[in-house]
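I opened this one up to see how the chain is put together. My notes follow, in the order I looked things up.

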Amino acid sequence: MVKTRTGETDYTISGEGPWLVLVHGLGMRREMWAPLLPALERHYKVLTYDLGGHGLSPPPADPVTLRSFSEQLLGLMDDVGIARAPLVGFSLGGMIVRRLAMDHPEHASALVVIASPHGRTEAETAAVQTRVDQATAHGPAATIDAAIERWFNPAYRDAHPEAIALIRRAILANDPKVYPKIYQVLVDGEPEVSAGLAAIRLPLLVLTGDADPGNTVAMAQGMAACVPGAELKVFGGLRHMGIWENPDTFTGAMLDFLKRRVT
């Protein structure tokens, strides 16, 4: 594994083959992808990186918007020498890859969107905004217990305390002044990518767990319905971080899709 830096983004390149770009979710860092990497690296040269304000990447400049993050990704791809590649995004990362595909479709050969919002109701939006307000008032620690409950099944939490501790450390390491601004993007950016998704004409795979309370099956179904030829897979019994609970299920679906749909 080769680790290096470019510009304002810290990133890692691993594996061999055609490029594959992975974009992590809110509050996490590129190590979030570790359970999936062994399978993906056997087929692809994988780029993972820390979003602005996460891990070792400095915070984005104000105002912090979804386009800030899509432009960070585009700049990193240019620096690394990736003209076009499949883009995989988890949660906030799924919004980022959709924003990039809307603005710069020539740089994406396919999209894989995992556990990401689409078409929230007013009540669903209000629930996320409440968590943003809590993080603004009290920092990342204010929302962490509820997040762990939404993200992992109780049996997994009990059997893997070291994984839960790692997630907690990653979230708590976020700057309390920056984290709420990024969290707000999860609210404000959703309507723009949901409204613009129908313009995307790329192979799209939507993946989610049927027990994810914040990024529901209905959202995933609505997302897939917007793009002709899009594929949808819903995995039973998995919550938001199903990619950790059952990584083989997700990598299997991703590799099958990319083999069939990306030329």
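I started with A115, and since its relative accessible area is 5%, A115 goes down as buried. This is a predicted model, so I am reading computed geometry throughout. A115 sits in the loop between β6 and α4 (122-138). Its phi caught my eye: about 50°, positive, although A115 is not a glycine. For background, most residues other than glycine have a negative phi.

I then looked at S91, another non-glycine residue with a positive phi, here near 55°. S91 belongs to the loop between β5 and α3. Is S91 buried or exposed? Buried, because its relative accessibility is 7% and the cut-off for buried is under 20%.

While on backbone oddities, I checked the peptide bonds. The one from D62 to P63 is cis, with omega near -5°. P63 lies in the loop between β4 (45-49) and α2.

Next entry: α2 itself. The helix covers residues 66-80, 15 residues in total. From first C-alpha to last it reaches 21 Å, close to the 21 Å expected at 1.5 Å a residue. I listed its buried residues: L66, F69, S70, Q72, L73, L74, L76, M77 and V80. Just after α2 I found G81 with a positive phi of about 95°.

Then the strands. I asked myself how many residues of β6 are buried. For β6 (residues 108-114) the count is 7 of 7. On one side I followed β5 (residues 85-90), which runs parallel to β6 and is joined to it by 6 bridges. Within that pairing, G89 stands opposite V113 of β6. To get from β5 to β6 the chain passes through helix α3 (residues 92-103), and I noted this β-α-β crossover as right-handed. β6 also pairs with β7 (residues 204-209), again in the parallel sense, over 4 bridges. There I picked out L111, whose bridge partner in β7 is L204.

I went back to α3, the connecting helix. Its 12 residues should span 16 Å at 1.5 Å a residue, and the end C-alpha atoms are 17 Å apart, which agrees. Why call α3 largely enclosed by the rest of the structure? Because 10 of its 12 residues are buried. Those are L92, G93, G94, M95, I96, V97, R98, R99, L100 and A101. I noticed that two arginines, R98 and R99, are on that buried list. The cover over the buried residues of α3 includes β3 (19-23), α2, β5, β6, α8 (179-196) and α9 (217-226).

I114 got its own entry. It is found in strand β6, and at 1% relative accessibility I114 counts as buried. Which residues does I114 contact, leaving aside its neighbours within four places in sequence? I wrote down W33, V88, G89, F90, S91, L207, I243, F250 and M254. So S91, the residue with the positive phi near 55°, is among the contacts of I114. I also checked a long-range pair: I114 and T208 are 94 residues apart along the chain, yet their C-alpha atoms are separated by 5.8 Å.

From I114 I moved on to the core. The largest nonpolar core has 89 residues, and those with the most contacts inside it are W33, L92 and I114. L92 is one of the buried residues of α3. For W33, not counting residues up to four places away, I found that it touches L22, V23, H24, T48, V88, F90, I114 and I243. As a general remark, nonpolar side chains tend to be buried together in soluble globular proteins.

Last entry, the whole chain. I counted 11 helices and 8 strands. The radius of gyration is 17 Å, close to the 18 Å that the globule rule gives for 263 residues, so the chain is as compact as a globular protein of that length. Along the principal axes, the C-alpha atoms fill a box of roughly 45 × 40 × 40 Å. I have 55% of the 263 residues down as buried. Of the contacts with a separation of 6 or more, 76% are between residues 24 or more positions apart.

Notes:
Residues numbered from 1 in each chain as written. Predicted model: local features only at pLDDT ≥ 70, side-chain atom pairs only at ≥ 80, totals over all residues. Heavy atoms only, no water. Core = buried A, V, L, I, M, F, W, Y, C linked by side-chain atoms within 4.5 Å. Buried < 20%, exposed > 50% of the residue type's maximum accessible area, 1.4 Å probe, protein only. Contact = heavy atoms within 4.5 Å. Expected span 1.5 Å × (residues − 1). Pairing = 2+ DSSP bridges. Right-handed = clockwise from strand over helix to strand, strands pointing away. Rg over C-alpha atoms; globule rule 2.2 N^0.38 Å.
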